[in-house]
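Here are my notes for you on this one. Keep the structure open while you read, and find each piece as it comes up.

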Amino acid sequence: MSNALHENAQDRLPDLLILAGRAGPACGDDSPPPQIFAPWLDRLPAAQRDLVSILPVLDINGALFDALGSASETTAPRETCAAPQIAALLCVDPFLRLRDATRLLKSAGISAVTNFPTVQLVDGTAARGFESAGLGVEREAEILRQFMLEGFSVTGFATSTENAQRLLALGIRDLVIHPGPPSSDWRNRATAGQKAVAALSTLRSRAPGPLRLFCPEAYGHEFDAARAAADGLVRYG
Amino acid sequence: MAENATPRTGATAQAQPAALQELLRKRSPGNASLLVGGAIGVGMTAEAAVRGGADFLLALNAGRFRVMGAASLAALLPLNNSNQFTDTFARREILDRVDVPVLFGACCFDPATSPEQIVAQVCETGYQGITNFPSAIHFDGQFRHRLEEAGLGFAREARMLALAREAGLMTFGYAKTRAEIAQLIATKVDMICLNFGWNAGGVQAVAQSFTIAEAADRARRIFVQVRSKAPDMLCFVEGGPIISPDDMFRVCDEARADGYVGGSTLDRMPLEMSVTERTSAFKAFGLLKQANTVQSRELARTARIGGVVGQSEFVIAVLEQITRLAPSRIPVLICGEAGLGRTTLARALHPLSRREGPLLTLRAGSPGTHPEATLFGDGTRRQGYLARPGSTVVIENAETLPPELQRRLADWLEEDAQMSDDTPRSATGAATNARLILICTTGMDATNGLIPALTRRMQAGRVEIPPLRERPEDVPALARHRLAILGHGQQISADGYRLLLAYPWPGNIPELRAVIDRAALDAEHMTIGSAQISAAIGQRSAAEPDMSESTRQSVTERDWLLDALRKNRFRRGDTAAYLGISRKTLYNKMHRFGLLE
C-alpha cells in the first residue's frame, strides 16, 4: 500500500462496514467490498456497544454461530455476487473449538475472520490478569494464526502499535487500528486520535497490507488526522 | 479472634433479613469461628461447601466457568448474558437445595437491564441476597474510566445494592479500592468483601499483585476504616494470594476480618488436585498391582493379622516396616501413645515370622510380676522366656523395667547379635533363638524411657506408631471398620465425618471406638449424623478424667506453640522449622490447641 494512496480520496479503500445482518450489495456490483458480520450488534445500544461488546452481557460467538447455523438451514447458498463477509469472533472465548468454528464458517460461505470485539480493549492490571489466565492478547493472536493455517483470511484489530506488530509478525496483512471505546470527554478522544495517527505512522513502513482505522460514531473532528492517515475506515453500518 | 470480634448491635436487627441476623449471631462475641462464604457455580460444589460448613453461598458465573474448565476471569468476557446464565444454574442446582442463604451474583454492565429490574427479578426468584459480580472492580485503567463514564461502572453496582437492601435482600458488596469501599459504606451494605484479585494457585493461577503480608496489612487498614464508620458491617476477604486455610487465618487474624469467601480455593484447586491424585492413584494401582502383587499381598496380610486399619502414608509405612521385619530376628521396639494397637501389632509379628516357638508376653510394671526371673529364669529349673527356642517375647511397658534389667537385656541382645543363628546359646545355659519385642509408651518429650544402651540395640527395629491426631486421614477408615464390626449397616454423614476429623482423639483408637459405638446406639436411622457424633464426643470429653493431664500438658504446649508462632509472625513454615517439627505436625498441634480459629 503506497503512501500516496490515502492522499487521494479516490485511492482510499472503501469503508469496511460492521453489520448485524448479512445483506450484501445487489448483484451486478463490481467486486463489492467486504463486510464484517457481527449479528449481535443490534442487541446493544449504539452509544455503548464498543464498551459493552467485550463485557458479559451477551454471547458473541454463540450469536454468530446461531446466525450462521440458522441461515444455512433456512436459506439457499449465498449468491456469489454478495459482499464477502468477515466473521466477527471473540477469539479469547475459552470454549471456542476451532474445528467446529471453521466447519460452520465454511459451510456458511465465510472464509475470513477478525478479532472483533478484541480483548485488547481491556488495559491495566485487568489486561495482565487476562494474559496470565491465558485469555489475553496472546491467545487472541494464536487463534487468528490458527484460522490462517486453516486457510482463512484474517483482518486484525489492534489497539496499539505493539499489538499491531504482534499481528504483523503472524503474517496478518490487513490491520485495523482500534482507538478504544470512545470517551465522553473530547480531550480523551483527541488523545486517542493522536495515538492512532502515531500508530499508523509507525506501522506504515512495516505493514505489507492496508492500514485501516476503526471509527466509532462518537469520534468527530478530533479524528480527522487519523482518518486521513489511514488507507480506509472501518465503521458500523 | 473471638475476643476481638466486633460486637454487633441489635439496633437495626428488626430491619435485617433473618439470614443476615443468623450470620451476625455467628460472629457475636463468644462465637470464635470465622464465617465462610462459598463462591460457587454448580450444585455439587454448593452442596459440598455447605456440608463443609459454608455459612452462605454466592452463585457466581465465575464458579460455573471454573467447573467448565475455564479461568474465573472468563466471568468478565462476553460469553453469555451473565445474569441469565447464573440464574439458570442457580435455580436448577442450588436454590432450595441448600439450607444456607444463597446470594445472586448480579451483573450491572447491561445497559438494557436496570438495577431495579435486576433486584426485582432476584427477589421474585427467591434468592436471600445479592452481590455485585462480575464487577467493575475487576477493571482499571482507561477501560474502567470508560465504564464509569458510560454509567455502567461501580456506581451502578452500588445503586443496585442499595435498592436490594431496601427490598429486604442481604447485600454483599465486592470492592478493591478505598474509594469503592467508601461507596459501599455509604450504601450501607450488610457485608463487604475486600477482593485481592483473581486467585493464585493451581493450574490456572493468575499473576498476583499482593503477597500474603501485604494483603493482611491492606485488609487491616481498610477494615479499621470500615468499622469506624459502619461497626455492624461484616468484613470479608477474598482472592489473590489467599489460597489455603493458613493464608486465610493469617489475613483474617491480622485484619480482624469476620470471614473469608472462597471460590477457586474451594472448588478449582481442590478439584484439580484431588481428581489428578485420584486418577493417578487408580492408574498407578493397575501398574503397581502387576509389579507388586506379592508385596501388596504381604502388606494386606500384615494389616489383617496386625489389626491395622487405615490408609495414611504412616500406616502404609508401618505395614511395610513390619512386613520387612517379620521374617528376620531383628529385635523390635514399638513406640507410641496408648491406644494405637501396639500390642496387637507386636503379637502379629509372631505369626508373620512363622516362628515355631511360643508367643510370650510380659506386662512390665504390673503388680506381682518379676520381670528378670520371667525373662532370664530364676536359677531353678524354671526356664526364662528368652531361653525358649523359637519364642517371640513381647514386653509391654518396657520403659518401666528397672535400669539394671534393661542393661541386662542390652547385653543379651549384644551377645545374641554376635552369634550366628545356628550357634547354641550359652548366656542362660540354654539354646535360644528367641526374638525380643519391646513396647514403649512415648511421652510428650518424644522419649521412650529406655536406657541409651538398650535404645541403641533396638534402633534397627524401631517402629513409631503416630497418634491418631497426626493422621486424621485414618479416622474415616477406622470409623467404618468399627461400624462394620457392629454390623448394623449404618453409615456416617459427611457432617459427622467432619466432626470426627476435627476432633484430636487424645484417647486414640479406643476413644474413637467408644464414640462410634455410642453414636451408633443413639442414631435413630441408618445414617449417623453430626448430632450423634457431637453428643458422643461431648460425653467422652466430660467423662474422661484422664483428659485433665493431657489438657494440663496442652496448656503448656499451647503457650509454647503460640510463642513460636508469634516469633515467626505466624509463618507456618518458619515456625515449624523453628520448632524442629514438620509443617503437618505443627498444623495438627495448632488444630488441637484451637490456634486455627
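**Notes on the two chains**

1. Let's start with a helix in chain A. Helix 7 (residues 186-204) of chain A lies across strand 7 (174-177) and strand 8 (211-214) of chain A, and it runs at about 165 degrees to strand 8 of chain A. Bear in mind that this is a predicted model.

2. Now look for the barrel. Eight strands of chain A form a closed barrel in the order 1-2-4-5-6-7-8-9, with parallel pairing. From one strand to the next, the twist averages 25 degrees. For a concrete pair, take strand 1 (residues 16-19) and strand 2 (residues 35-37) of chain A: they run parallel and are joined by three bridges. In that pair, L19(A) stands opposite F37(A).

3. Next, where the chains meet. Chain A puts 34 residues into the contact and chain B puts in 35. On the side of chain A that touches chain B, helix 1 (49-52), strand 3 (57-59) and helix 4 (124-132) of chain A each supply at least two residues. Which of the elements of chain A gives the largest share? That's helix 4 of chain A, with seven residues. By type, this side of chain A divides into 20 nonpolar, ten polar and four charged residues.

4. There's strand pairing across the two chains as well. Strand 3 of chain A and strand 3 (residues 79-81) of chain B run antiparallel, joined by three bridges. Here L58(A) stands opposite N80(B). As background, strands of a sheet pair through backbone hydrogen bonds, either parallel or antiparallel.

5. On to the nonpolar cores. The largest one has 164 residues, and I177(A), L57(B), I192(B) and V251(B) have the most contacts inside it. Setting aside neighbours within four places in sequence, V251(B) is in contact with several residues, among them I212(B), A219(B) and V237(B). A second, separate core has 58 residues, including L340(B) and I528(B).

6. Finally, a helix worth turning around on screen: helix 5 (residues 115-125) of chain B. Its residues P115(B), I118(B), V119(B) and V122(B) are buried. Why do these buried residues line one face of the helix? Seen down the axis of helix 5 of chain B, they fall within an arc of 95 degrees, so they share one face. They pack against helix 4 (82-94), strand 4 (102-106), strand 5 (129-132) and helix 7 (154-166) of chain B. On the other side of helix 5 of chain B, E116(B) and E124(B) are exposed. Just after this helix, G126(B) takes a positive phi of about 110 degrees.

Note on methods. Residues are numbered from 1 along each chain as its sequence is written. Chains are lettered from A and ligands numbered from 1 in the order in which they are written. This is a predicted model: local features need pLDDT of at least 70, side-chain atom pairs count only at pLDDT 80 or more; totals for chains, interfaces and linings use all residues. Two residues are in contact if their C-beta atoms, placed from the backbone, lie within 7 Å. Helices (H or I, at least four residues) and strands (E, at least two) are DSSP runs, numbered from the N terminus. Ala, Val, Leu, Ile, Met, Phe, Trp, Tyr, Cys and Pro count as nonpolar, Asp, Glu, Lys and Arg as charged, and the others, Gly among them, as polar. Two strands pair if DSSP finds at least two bridges between them. A nonpolar core is a set of buried Ala, Val, Leu, Ile, Met, Phe, Trp, Tyr and Cys residues joined through C-beta atoms within 7 Å. A residue is buried if 20 or more other C-beta atoms lie within 10 Å of its own, exposed if 12 or fewer, and partly exposed in between; C-beta atoms are placed from the backbone. Axes are lines fitted to C-alpha atoms, for helices over the stretch in contact, and angles run from 0 to 180 degrees between N-to-C directions. The arc is that of the directions from the helix axis to the C-beta atoms.
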